[in-house]
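Welcome! Take a moment to look over the sequence and the fold, and then we can walk through them together.

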Amino acid sequence: MSEFVNVSIIYYSSTGNVYSLAQAAVEGAEKAGAQVRLRKVAETTPQEVIDTRDEWVQHLQDTADVAEVHLDDVEWADVVLFGTPTRFGNPASQLRVFMETTGPLWFQGNLAGKVYSAFTASNTPHGGQESTILALANTFYHWGGIIVPPGYTDPVQFQSGNPYGTSHVAGEGAPGDVTLQAARHQARRAVEIAAAIKAGSTA
Ligand SMILES: Cc1cc2nc3c(=O)[nH]c(=O)nc-3n(C[C@H](O)[C@H](O)[C@H](O)COP(=O)(O)O)c2cc1C
């Protein structure tokens, strides 16, 4: 059933943490049987700012072959997972720029009825992970989306600890096993719920 579910995982990442979560989400969605597109949003930061951090320069080089997102990736999808670093407690402007190009799809009603979920990374444990995910959810409401958070629907959630969406504290190093498992679970759950909705609507 899940093979009829299309998933777009759309992310922004400066230094690779959110990208790692996005890759784990791809694994989770594929394992659930979905068709998956991994898409990055365009980098808009001035080069002189990027150049201040070697990890940023390196990450951009490492992900040069990841396709950039287009509106079609949202239109095609039954499930859209958004990943973004926390920026002063909010989603990164790079992701917002893309989201604000979706007006025509919204106007035609093409964003409604899809499953949406989000994940993030911040540098510090209380650095705004939940506010970032909830800020994205404001937009999902406007789209008429079906918000599917991970909640505590898997034992890994009691370890990773964020029912709003997978979150990583980058100041503690790269995402570890528990966080990556949580990202896989979040994607799998979104696929399973989308599959059930699709099955119900064609019955
Ligand atoms: C402009 C800016 C604002 C940031 N704001 C916060 C913040 O509010 N809280 C926090 O913990 N980290 C903050 N950070 C750190 C990033 O959220 C953190 O480095 C993140 O994990 C990067 O993810 P990435 O490796 O996928 O780029 C900020 C970084 C930048 C550049």
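Which exposed residues does the face of H7 turned away from its buried side carry? They are Asn138, Tyr141 and His142. Before going further, a word on the ground rules. Residues are numbered from 1 along each chain as its sequence is written. This is a predicted model, in which local features need pLDDT of at least 70 and side-chain atom pairs count only at pLDDT 80 or more, while totals for chains, interfaces and linings use all residues.

Some terms will come up throughout. Helices (H or I, at least four residues) and strands (E, at least two) are DSSP runs, numbered from the N terminus. A residue is buried if 20 or more other C-beta atoms lie within 10 Å of its own, exposed if 12 or fewer, and partly exposed in between, with C-beta atoms placed from the backbone.

**Helix H7**

Let us stay with H7, which covers residues 129-143. Its 15 residues should span 21 Å at 1.5 Å a residue (the expected span is 1.5 Å times one less than the number of residues), and the end C-alpha atoms are 22 Å apart, which agrees. Gln129, Thr132, Ile133, Leu136, Phe140 and Trp143 are the buried residues of H7. Seen down the axis, these buried residues fall within an arc of 90 degrees, so they line one face of the helix; the arc is that of the directions from the helix axis to the C-beta atoms. They pack against E3, E4, helix H6 (103-107), E5, strand E6 (146-147) and strand E7 (167-169), where contact means C-beta atoms, placed from the backbone, within 7 Å. After H7 comes glycine 144, with a positive phi near 75 degrees.

**The strands**

E3 (79-87) is a good place to look next. Eight of its nine residues are buried, so E3 is largely enclosed by the rest of the structure. The table lists strand pairings; two strands pair if DSSP finds at least two bridges between them.

| Strands | Sense | Bridges |
|---|---|---|
| E1 and E3 | parallel | five |
| E3 and E5 | parallel | seven |
| E3 and E4 | antiparallel | two |
| E1 and E2 | parallel | six |

Valine 80 of E3 is a handy landmark: serine 8 stands opposite it, and tyrosine 116 is its bridge partner in E5. Further along, threonine 86 has proline 91 in E4 as its bridge partner. The hairpin of E3 and E4 has two residues between the strands, and there phenylalanine 88 takes a positive phi near 50 degrees. Strand E2 (residues 35-40) has five of its six residues buried, so E2 too is largely enclosed by the rest of the structure. Its glutamine 35 is opposite asparagine 6.

**Helix H1 and the ligand**

What is the state of H1: largely enclosed or not? Of its 15 residues, 12 are buried, so H1 is largely enclosed by the rest of the structure. Among these buried residues are Asn17, Val18, Tyr19 and Ser20. The expected span of H1 is 21 Å, and its end C-alpha atoms are 22 Å apart, which agrees. Glycine 33 follows H1 and has a positive phi, near 95 degrees.

H1 also brings us to the ligand. There are 19 residues around the ligand, and Asn17, Val18, Ser122, Gly127 and Ala170 come nearest; a residue is near a molecule if its C-beta atom, placed from the backbone, lies within 6 Å of it. Helix H1 (17-31), strand E3 and strand E5 (115-122) each supply at least two residues of this shell. By class, the shell has six nonpolar, 12 polar and one charged residues. Here Ala, Val, Leu, Ile, Met, Phe, Trp, Tyr, Cys and Pro count as nonpolar, Asp, Glu, Lys and Arg as charged, and the others, Gly among them, as polar.

**Two partly exposed residues**

Tyrosine 152 lies in the loop between E6 and helix H8 (155-160). With 13 C-beta neighbours inside 10 Å, tyrosine 152 counts as partly exposed. Leaving aside its neighbours within four places in sequence, tyrosine 152 is in contact with Gln157, Phe158 and Pro163. Tyrosine 152 and tyrosine 164 are 12 residues apart in sequence, and their C-alpha atoms are 9.4 Å apart in space.

Valine 57, in helix H3 (residues 54-62), is partly exposed, with 14 other C-beta atoms within 10 Å. Beyond its neighbours within four places in sequence, valine 57 is in contact with Ile50 and Asp51.
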